[in-house]
Amino acid sequence: MAKPLDPYRAKRDFTVSAEPKGKRCRPSAKARFVVQKHDARRLHYDLRLEHDGVLKSWAVTRGPSLVAGDKRLSVQTEDHPIEYLAWEGAIPKGQYGGGTMIVWDQGTWTPVGDVAEAMAKGHLEFVLDGARLGGRWHLIRMKGRGGEKKQTWLLIKAEDAFARAPGQPDILIEHLTSVISGRTNADMAEGRVIRADHAARAEIAKDRPRRPTQAKVKGARKAVLPPFVEPGLATLADAAPSGPNWLFEIKHDGYRLQARIDGGRVKLLTRSGLDWTSKFAPVATALKALNVDFR
């Protein structure tokens, strides 16, 4: 009798690929999900929903969209093991799915109705509660065509508080790094543990005054800090808050970069940690001419 993970294992050589062989697990108290950014033959995003001890998986060709009603083609793939919830790495070229993979988002999900019935019917509605994706979503199976080996679905964001209007920032551009390691796919391809600019920040941090130790902070516990912490983003509101403790500025729609000048070297970093110095060369030149040293 075939097991759910047999197709997954049959496509992989675990003596070459570091992917988890895995096994079917007991359902968790709260079903989990992961979205992995997979730079294989073509860049895409893999959506995986925990159900019945495995991860039901879809390859979303253009990635999820927060625009309500925006349809994203999603090809259903083989079930994956639960260990894939936190797996990222570089699958060797020539192997199935060869390329780099990072955990772009993860969290929990709640189905609306019975999952088995919804899958059989071809319309799965669910709610995501992740680090980057939230709210209600739909997976709708498309009518099959003759000769197709894989089922194609449409991933659609429902209209709710998490949805964005057309023309608002694309969340796939806003967030380029892994939520668990801070790495990009390019970092993974080069075998780097952290980004080069993160390593430079670590060198600078060594010379900063020491802060209170963990032992002196009530409730503190030892843990590994992420190499990159994405800044909090503004939230749209109908009106600005009132009161004497608030100050305001008018901001036009544009880019906001962090500038770092160290020993005459200028770096312009985006809020997601990308080095955009070359894209804003005139700005970098002007900053260098200031002849200041920010550390």
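Asp 160 is partly exposed, at 21% relative accessibility. The cut-off for buried is under 20%, so a value of 21% puts Asp 160 in the partly exposed class. I should say at once that this is a predicted model.

Asp 160 has a salt bridge to Lys 157, with 2.8 Å between the closest N and O atoms. Lys 157 itself is buried, at 1% relative accessibility. So here a partly exposed acid is joined to a buried base. Lys 157 has another partner: it lies over the face of Trp 137, 5.4 Å from the ring centre.

There is a second case of a charge over a ring. The charged end of Arg 132 sits over Trp 104, and the distance to the centre of that ring is 5.4 Å.

Now the other salt bridges. The count for the structure is 11. I will spend time on the ones around Arg 12. Which residues are linked with Arg 12 in a network of salt bridges? They are Lys 11, Glu 19 and Glu 78.

Take Glu 19 to begin with. Its side chain meets that of Arg 12 in a salt bridge of 3.0 Å, N to O. Then Glu 78, which also forms a salt bridge with Arg 12, at 3.1 Å between the closest N and O atoms. Glu 78 belongs to strand E4, residues 71-80, while Arg 12 is in the loop between helix H1 (6-10) and strand E1 (32-39). The pair therefore ties together parts that are 66 residues apart in sequence.

Are these three residues buried or exposed? Arg 12 is buried at 10% relative accessibility. Glu 19 is buried too, with a relative accessible area of 5%, and Glu 78 is buried with 8%.

Next, the aromatic residues. The structure has seven aromatic pairs. One of them is Tyr 84 with Trp 87, a tilted pair with 5.5 Å between centres and 40° between planes. Tyr 84 and Trp 87 are both buried. They also belong to an aromatic cluster, together with Tyr 8 and Phe 14.

Another pair is Trp 109 with Phe 126. Why is this pair edge-to-face? The planes of the two rings are at 85°, and edge-to-face applies over 60 degrees, so the pair falls in that class. The ring centres are 5.9 Å apart. In sequence the two residues are 17 apart: Trp 109 is in strand E6, residues 99-111, and Phe 126 is in strand E7, residues 123-130. The pair thus links distant parts of the chain. Both Trp 109 and Phe 126 are buried.

Last, Asp 46. This residue is in strand E2, residues 43-51, and is buried with a relative accessible area of 5%. What does the side chain of Asp 46 make polar contacts with? One is with the side chain of His 38, at 3.0 Å. Another is with the side chain of His 44, at 3.2 Å.

Leaving aside residues up to four places away in sequence, Asp 46 touches Val 34, Val 35, Gln 36, His 38, Trp 58, Ala 59 and Met 101. His 38 is thus on that list as well as being a polar partner of Asp 46. As for Gln 76, the C-alpha to C-alpha distance from Asp 46 is 9.6 Å, with their positions 30 residues apart in sequence.

Conventions:
Residues numbered from 1 in each chain as written. Predicted model: local features only at pLDDT ≥ 70, side-chain atom pairs only at ≥ 80, totals over all residues. Heavy atoms only, no water. Phe/Tyr/Trp six-rings, centres within 6.5 Å; stacked < 30°, edge-to-face > 60°. Buried < 20%, exposed > 50% of the residue type's maximum accessible area, 1.4 Å probe, protein only. Helix = DSSP H or I, 4+ residues; strand = E, 2+ residues; numbered from the N terminus. Lys NZ or Arg CZ within 6 Å of the ring centre and 35° of its normal. Salt bridge = Lys/Arg side-chain N within 4 Å of Asp/Glu carboxyl O. Contact = heavy atoms within 4.5 Å. Polar contact = N/O pair within 3.5 Å; in protein donor to acceptor, adjacent residues only side chain to side chain.
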